[in-house]
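Open your viewer, load the model and keep the selection box handy. We will go stop by stop, with something to select at each one.

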Amino acid sequence: MWTFRRTFSTMLDSQLRLRLRPFEIGDWSASAVIVAPHPDDETLGCGGVAAKKIASGAQVRFVFVTDGAASHRHLMHPETLRTTREAEAIEAVHRLGASSESVTFLRLPDGAANHHVHEITDAVVSMLNSWRPQSVFVNHAKDPTSDHVAVNAAVRAALRAYGRPVTVFEYPVWYWYHWPWTSLWGDLPNMWRVTLRQTIKTAAGLRAPSTLNSLAYVGDVIGVKREALAAHASQMQRLENQDEWRTLSDLSGGDFVGRLLADYEMFTRYEINI
């Protein structure tokens with residue numbers, strides 16, 4: 001059933017597509033480093049752009065900050081989940097078109113990135129000095145989870161310390177977890193609190209046009225992005241006989257994942273060190 005929420009989100013989406021600046025030709029061929037707080041954020045936030053860049057011949061590297069071992073820690077041993085999620089991340093990167101050599105794991109504990117900000121900063125500075133990318137993609141500063149907040153702060157600090165000109169694209173993931181993109185009620189237990197807080201912070205999506213400024217069409221590679229996301233099977237598929245195993249598709253009845261699998265990826269873009 002089509003609801004007011006869906007109508008409102010469709011209207012907002014149309015306004016965003018009209019107001020945001022499309023990617024330029026050079027953006028698609030620019031080398032990039034994609035920093036992901038957890039395995040799957042790279043695909044959710046900018047998997048379409050990554051796939052198109054790689055297909056165009058651009059050098060794209062992936063940095064996974066935390067090990068993702070806390071996502072289902074009450075249902076699977078953390079070491080098993082850690083190993084599983086690393087393998088899934090490599091497979092997702094393969095499906096986006098890149099090789100295993102393009103992947104770096106910092107292996108910091110999931111849920112504790114805020115205790116390792118200086119370590120993340122130092123690691124990213126070292127990689128930037130070695131790789132000299134033209135662009136850096138990092139989760140958005142407005143993403144609400146603690147790991148995402150810490151990773152964004154660490155990467156910003158690393159970029160300042162690096163000192164060379166770079167184009168930064170901040171990609172929203174959990175930023176979208178609010179009404180009208182997701183329902184306010186009837187979600188998984190306790191998640192309504194996250195939805196409500198984020199809805200208030202974003203003024204029910206009305207602040208998005210002033211928060212985001214860049215738009216990339218990825219509808220032509222949405223199948224590739226879907227396949228890459230499916231590679232993160234521990235996050236997308238319920239284990240057999242594990243009814244408590246929650247997946248991303250359980251969030252808001254699939255609306256959260258649906259938002260992140262739209263034909264456009266949106267960013268806050270800015271130049272640093274110019």
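Which residues of H6 are buried? This is a predicted model, and helix H6 is a good place to begin: select residues 146–162. The buried ones are Asp147, His148, Ala150, Val151, Asn152, Ala154, Val155, Ala158, Leu159 and Tyr162. Residues three or four places apart in an α-helix point the same way, because there are 3.6 residues a turn. Now check the length of H6: its 17 residues reach 24 Å from the first C-alpha to the last, close to the 24 Å expected at 1.5 Å a residue. Just after H6 comes Gly163, with a positive phi near 85°.

**Next stop: two unusual phi angles**

Most residues other than glycine have a negative phi. Select Arg132, which is not a glycine and yet has a positive phi of about 50°. You will find Arg132 in the loop between helix H5 (117–131) and strand S5 (135–139). With a relative accessibility of 43%, Arg132 is partly exposed.

Then move to Ala204, another residue that is not a glycine but has a positive phi, here about 55°. Ala204 sits in the loop between H7 and helix H8 (208–211). Is Ala204 buried or exposed? Ala204 is buried, because its relative accessible area of 17% is under the 20% cut-off.

**A cis peptide bond**

Most peptide bonds are trans. Select Trp179 and Pro180 together: the bond joining them is cis, with omega about 15°. Pro180 belongs to the loop between strand S6 (166–171) and helix H7 (191–201).

**Two buried polar side chains to click on**

Start with Ser31, in the loop between helix H2 (25–29) and strand S2 (32–36). Ser31 is buried, at 16% relative accessible area. Show its surroundings: beyond residues up to four places away in sequence, Ser31 touches Gln59, Arg132, Pro133, Gln134 and Ser135. Arg132, from the earlier stop, is thus one of the contacts of Ser31.

Now select Lys52, in helix H3. Lys52 is buried as well, with a relative accessible area of 17%. What does the side chain of Lys52 reach? It reaches the backbone oxygen of Tyr217, at 2.9 Å. Setting aside neighbours within four places in sequence, the contacts of Lys52 are Trp28, Tyr217, Val218, Asp220 and Val221.

**Last stop: the cavities**

How many cavities of 30 Å³ or more are there? The count comes to two.

The largest cavity holds about 90 Å³ of space. To see its lining, select Leu44, Gly45, Pro172, Trp176, Lys225, Arg259, Leu260, Tyr264, Glu265 and Met266. Helix H3 (41–55), helix H11 (255–260) and strand S8 (264–272) each supply at least two of these lining residues, and S8 gives the most, with three. Colour the lining by type and you get six nonpolar, one polar and three charged residues.

The second largest cavity holds about 40 Å³. Select Pro39, Phe64, Thr66, Asp67, Glu86, Phe105, Leu106 and Arg107 to see what lines it. Strand S3 (60–66) and strand S4 (103–108) each supply at least two residues here; S4 gives the most, with three. This lining divides into four nonpolar, one polar and three charged residues.

Definitions and conventions: Residues numbered from 1 in each chain as written. Predicted model: local features only at pLDDT ≥ 70, side-chain atom pairs only at ≥ 80, totals over all residues. Heavy atoms only, no water. 1 Å grid on protein atoms, 1.4 Å probe; cavity = no way out; pocket = protein on both sides within 12 Å on 5 of 7 lines; lining within 4 Å. Points joined across faces, edges and corners; volume = space filled by probe spheres on them. Helix = DSSP H or I, 4+ residues; strand = E, 2+ residues; numbered from the N terminus. Nonpolar A, V, L, I, M, F, W, Y, C, P; charged D, E, K, R; others polar. Expected span 1.5 Å × (residues − 1). Buried < 20%, exposed > 50% of the residue type's maximum accessible area, 1.4 Å probe, protein only. Contact = heavy atoms within 4.5 Å. Polar contact = N/O pair within 3.5 Å; in protein donor to acceptor, adjacent residues only side chain to side chain.
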